[in-house]
Amino acid sequence: MSAGQPFKISVSDDKIDLLRRKLDLCVFPDELEDSGTSYGAPLADMRRLVDYWRSGFDWRAQEAALNVELAQFTRDIEVTGFGTLNIHYVHQKSKAVNAIPLLFVHGWPGNFLEVRKILPLLTAAAPDHPSFHVVALSLPGYGFSQAPSKKGFRAAQYAEVAHKLMVALGYNEYVTQGGDWGSLITRVMAVKYGGKHVKAWHTNMPMGYPPPITRPVAYLKYLVTPYTAAEKARTQLSQQFEQQGMGYYREQATQPQTLGYSLADSPVGLLGWIYEKLLGWTDKYPWTDDEVLTWVSIYLFSRAGPTASIRIYYEAFQGGDWQHFIRQRPSIPMGISVFPADHSNRPLSWYTSNGNLVFCNAAHTKGGHFAAWETPDALSKDLHEMFGKGGPAFAIVPGKAGYD
């Protein structure tokens, strides 16, 4: 592995000019009356966003702001069977000498931007909560990380990249936080590297299944304990999503290349594909046009192009990653944060089968799938409580308790 190299986002003028030319040629579809969001991204929203993208949005200003706010680097990581990949990452150290090394892992349609709001909350040194040294990588094929060129790059390979990055940075022992695909990837890391390297893991997208009969106490408790009103509401939302919101998953998990032609060639198509999720997966979060277009532009201007980001669905689905790893129960401490508008929620009793659960906050009254972006204060508070003094994972990393 090579040494890390400082990185600044610098999209070429040619790419920006091409984007504007394509936006000038945009042809919008029609829309049924009073369809709202039930058919997908609303036409009025799309017209407004495209017009602003073409004539008002300042990518250079957003690019400059990201380069100032986020300490970015790239580093070569050797991946078993896949050669060397150049990985982009954010690495922000706390001023607290004994800060806890934490790896932040995003998913789709997220990217490294998701760490932007929560980063100063986690790295801040204070006597009343722990502090973290934060590493937020762009997963291979996302943002400014190189994409694999061979088939079969699955959850274990993403986990290998993330782990080797932490070790290369000198963090032989660390904790993780992940949502969406980051939840699966950090689970795999807990299975493969837990104990020796990964000391604890936290997710805001916990996955689970009913306790098996092989764990009779948990199984009987599950059978006789009624769901709370909040659990019923969250479960109903998840069931509704599985019935009405999984079309994107089926396509990306079966024919990502076919979809990729549209995402790569049409900025408007890419915008609609992602904007639909930003609207539907959040808890009425008030997205600004600048936020949406910066988010989507990261995909459009990404090193490998937007098609590379969706292939994880195919590889994980075809390889059975979810089914395989969700049945494994990592022994290291696990923490979860449950946000009411996340479409992946399950009854709390299911999560006891998911790992060594030591921290659970299901009392959040707002928040959705992109917790670090929507509700950074709430998510950071959960991490402070889990790893802080008196918390179940306090001083879990030897010599790195998070306090000066």
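Where in the chain is the place of Lys284? Let me begin with that residue, and say at the outset that what we are looking at is a predicted model. The place of Lys284 is in the loop between α11 and α12, and its phi is positive, about 55°, although Lys284 is not a glycine. With a relative accessible area of 78%, Lys284 is exposed.

Asp180 invites a comparison. Asp180 is not a glycine and yet has a positive phi of about 55°, but its loop is the one between β6 and α6, the helix of residues 181-193. Is Asp180 buried or exposed? Its relative accessible area is 11%, and because the limit for a buried residue is under 20%, Asp180 counts as buried. While we are on backbone geometry, I would also point to the peptide bond from Trp108 to Pro109, which is cis, with omega near 5°; Pro109 has its place in the loop between β4 and α4, the latter covering residues 119-123.

Let me move on to helix α11, which leads into the loop of Lys284. This helix takes in residues 267-280, and at 1.5 Å a residue its 14 residues should span 20 Å, which agrees with the 20 Å between its end C-alpha atoms. Its buried residues are Pro267, Val268, Leu270, Leu271, Gly272, Ile274, Tyr275, Lys277 and Leu278, so please note that a lysine, Lys277, is on that list. The elements that cover these buried residues include α1 (13-24), α2 (43-55), α9, α10 (256-265) and α12 (289-300).

One residue that touches this helix is Trp53, whose contacts, leaving aside residues up to four places away in sequence, are Leu19, Leu23, Pro267, Leu271, Leu293, Val296, Ser297 and Leu300. Trp53 and Leu271 also appear together in another list, since the largest nonpolar core has 113 residues, and those with the most contacts inside it are Trp53, Trp108, Leu137, Trp181, Met189, Leu271 and Phe387. As general background, nonpolar side chains in soluble globular proteins tend to be buried together.

Now to the strands, and to β4 in particular, which runs over residues 100-105 and has six of its six residues buried. Ile100, Leu102 and Phe104 point one way from β4, whereas Pro101, Leu103 and Val105 point the other way, and all are buried. In a regular strand the side chains alternate between the two faces of the sheet. What does β4 pair with, and in which sense? Five bridges join β4 to β5, residues 132-137, and the two run parallel, while four bridges pair β4 with β6, residues 174-178, again in the parallel sense. Phe104 takes part on both sides, having Ala136 as its bridge partner in β5 and standing opposite Gln177 in β6.

Next, the aromatic residues, for which the count comes to 26 pairs. Among them, Tyr248 and Tyr249 form an edge-to-face pair, with 6.2 Å centre to centre and 85° between the planes. Both are buried, Tyr248 at 9% relative accessibility and Tyr249 at 12%. Tyr249 also forms an edge-to-face pair with Phe317, at 6.5 Å centre to centre and 85° between the planes. Because Tyr249 lies in helix α9 (residues 247-254) and Phe317 in helix α13 (residues 307-319), this second pair ties together parts that are 68 residues apart in sequence. Phe317 itself is partly exposed, with a relative accessible area of 35%.

Rings also meet charges in this model. The charged end of Lys150 sits over the ring of Phe82, 5.6 Å from its centre, and Lys389 lies over the face of Tyr403, at 4.4 Å from the ring centre.

I will finish with a charged residue in helix α6, namely Arg187. Is Arg187 buried or exposed? With a relative accessible area of 3%, Arg187 is buried, and the residues that it touches, again without those up to four places away in sequence, are Trp201, Met207, Phe325, Ile326, Gln328, Pro330 and Asn354.

Definitions and conventions
Residues numbered from 1 in each chain as written. Predicted model: local features only at pLDDT ≥ 70, side-chain atom pairs only at ≥ 80, totals over all residues. Heavy atoms only, no water. Core = buried A, V, L, I, M, F, W, Y, C linked by side-chain atoms within 4.5 Å. Buried < 20%, exposed > 50% of the residue type's maximum accessible area, 1.4 Å probe, protein only. Contact = heavy atoms within 4.5 Å. Phe/Tyr/Trp six-rings, centres within 6.5 Å; stacked < 30°, edge-to-face > 60°. Lys NZ or Arg CZ within 6 Å of the ring centre and 35° of its normal. Expected span 1.5 Å × (residues − 1). Pairing = 2+ DSSP bridges.
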